[in-house]
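Biologist: Hey, could you walk me through this model? I'd like to ask things as they come up.

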Amino acid sequence: MTLRNDFLWGGATAANQCEGGYLEGNKGLSTVDVIPAGKDRVAVMRGKMKMLECDEEHYYPSHEAIDFYHHYKEDIALFAEMGFKCFRLSIAWTRIFPNGDDIIPNEEGLKFYDAVFDECLKYGIEPLVTITHFDVPMNLVNTIGSWRSRKMIDHYERLCETLFTRYKDKVKYWLTFNEINMILHLSFGSSGLVFEEGENEESIKYQAAHHQLVASAKATEIAHKIDPKFKIGCMLAGANTYPYTCAPEDVWKAMNRDREHYFFIDVQARGEYPNYAKKMFEKMNINLKIEDGDEELLKNNTVDFISFSYYGSRLTSADPEVNTKQTAANLFPTLRNPYLKVSEWGWQIDSLGLRITLNSLYDRYQKPLFIVENGLGAVDIPNENVNIEDDYRIEYLREHIKAMKDAVTEDGVELMGYTPWGCIDLVSSSTGEMKKRYGFIYVDKDDEGRGILKRSKKKSFYWYKKVIETNGEDLE
Ligand code: BG6
């Protein structure tokens, strides 16, 4: 048994990390446009440091990014050359509704995505569209406090309705929110939340999460009404948490860590708040404002498939002493696992962890899965012939693809596709750097914004082309 013939091989990007053109075509200012590179970035993204406009002292990498806005034809042609069946991209909300609360959409923004989708379809590439990927109109942050406010549901609904109607003949696969569980960790970066001194942050986050969960269910309802063939997915920053030892306390802690993440997907895939979450809210003194009709909406509009990102597994301990030794991992706290290697950014590399995650998600939800992000962020240094020989990236991807195939062929997991992250180099979300590269395609630009944005093929480009050509059979 091999991967299915219609397996969606491809790559993934997000508007905020690749488009640039941040005020072009009547686009409005978005959260990501005020998030600087450098030492203040993480504090701003976590909602701990208020930065609601740009200043002269900081550098804002989203403003130009890799200028996909002007290079999309060239970039999509390169994806086609690799044989992509699918291209994951996101919509910049502020290209469609520059202020978020506009009534009439911005035609220029709509035309841009028309052109991008047409270009994909020309090569037989299926677009997979994330409706919002770490992107909130700044006007909605400033006027209503973003997802704190229930009014966001209406603004989001208008966005979805506009997209579904306009692109119904071009796009079939949609994701409602990128890494919806990130709201707990990157509250401003993912959801536009900023906290004031003394506020109950957890309560605000979960109320905002409730608004997103309702908005996601509404989007699913509208989508299926507009076209029953639409496939709507949720998106989780995935990976299982391992216990540090076999002490039951560690196992218990790890299970609860996982529940923090599963919580979102439990609602989106099963249609109701799980009992463990209700109990947690009681203990934390969180009184969610759930309106009449919300529960019914959640129940009746579960997602068609579950997508997730996977970079490496997590590790936790019940012992507070041990738990102080954290390492970096996609901005989630995790302990260093002595059995695993780490990337140059300290992210742990665990290909078997991908098989474990696929099995856990499939056991739990019994819905088709889609790996929409995976990859190795690394420094690429051109050799004397100005080529990038990124064997380390090939090695990472090869092992993860093997694990993914095992999950499908050995364990029977239903998997729709695989779109590794940053198929073309783009701005790193956690650091704002260009030098943390994931791509099969190198983009000539550095962390200071220098470079001519020239695209060139890395060794992994040719390798991945062969992988796709053989439907994952030839990984050498
Ligand atoms: C995911 C995000 O969290 O990880 C992407 O959905 C992000 O936007 C990716 O780029 C990799 O993280 P980083 O920080 O290496 O760019």
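Modeller: Below we go through the ligand site, the cysteines, a helix and a few single residues.

Biologist: What should I know before we start?

Modeller: This is a predicted model, so to speak of local features we need pLDDT of at least 70, side-chain atom pairs count only at pLDDT 80 or more, and totals for chains, interfaces and linings use all residues. Residues are numbered from 1 along each chain as its sequence is written, and side-chain values use heavy atoms, with hydrogens and water left out.

Biologist: OK, ligand then. How many residues surround the ligand, and which are the closest?

Modeller: There are 15 around the ligand, and the closest are Glu-179, Ser-429, Ser-430, Lys-436 and Tyr-438. Being near here takes a heavy atom within 4 Å.

Biologist: Which distance goes with the side chain of Tyr-438?

Modeller: A polar atom of the Tyr-438 side chain is 2.5 Å from a ligand oxygen. For His-133, a side-chain N or O atom sits 2.9 Å from an oxygen of the ligand, and for Ser-428 that distance is 3.3 Å. The protein covers 99% of the 380 Å² of accessible area that the ligand has on its own. Those areas come from the Shrake-Rupley method with a 1.4 Å probe; for residues, only the protein chains shown count as cover.

Biologist: Switching topic: how many disulfides does the structure hold?

Modeller: Zero. A disulfide is counted when two cysteine sulfur atoms are within 2.5 Å.

Biologist: Why is there no bond for Cys-18?

Modeller: Because the closest cysteine sulfur, in Cys-423, is 8.4 Å from the sulfur of Cys-18, too far for a bond. Cys-86 has its closest cysteine sulfur in Cys-120, at 9.0 Å, also too far for a bond.

Biologist: Is Cys-86 buried or exposed?

Modeller: Cys-86 is buried, at 0% relative accessible area. Cys-18 counts as buried too, at 2%. The cut-offs are under 20% for buried and over 50% for exposed, with partly exposed in between (1.4 Å probe, protein chains only).

Biologist: And where is Cys-54?

Modeller: In the loop between helix H2 (41-45) and H3. Cys-54 is partly exposed, with 30% relative accessible area. Leaving aside neighbours within four places in sequence, Cys-54 is in contact (heavy atoms within 4.5 Å) with Asp-33, Val-34, Tyr-60 and His-63.

Biologist: You mentioned H3. Which residue there is worth a look?

Modeller: Try His-71, which is found in H3 (residues 68-82). His-71 counts as buried, at 15% relative accessibility. A polar atom of the His-71 side chain lies 2.8 Å from the backbone oxygen of Asp-67. Not counting residues up to four places away in sequence, His-71 touches Ile-66, Leu-453 and Arg-455.

Biologist: How are helices and strands assigned, by the way?

Modeller: They are DSSP runs numbered from the N terminus: H or I of at least four residues for helices, E of at least two for strands.

Biologist: Then what does H14 pack against?

Modeller: The buried residues of H14 pack against several elements, including strand S1 (8-12), S12 and helix H13 (351-365). Among those buried residues are Tyr-396, Leu-397 and Met-404.

Biologist: S12 rings a bell. What does the side chain of Gln-348 reach?

Modeller: The backbone nitrogen of Asn-337, at 2.8 Å. Gln-348 is in strand S12 (residues 348-349) and counts as buried, at 2% relative accessibility.

How values were computed:
Polar contact = N/O pair within 3.5 Å; in protein donor to acceptor, adjacent residues only side chain to side chain.
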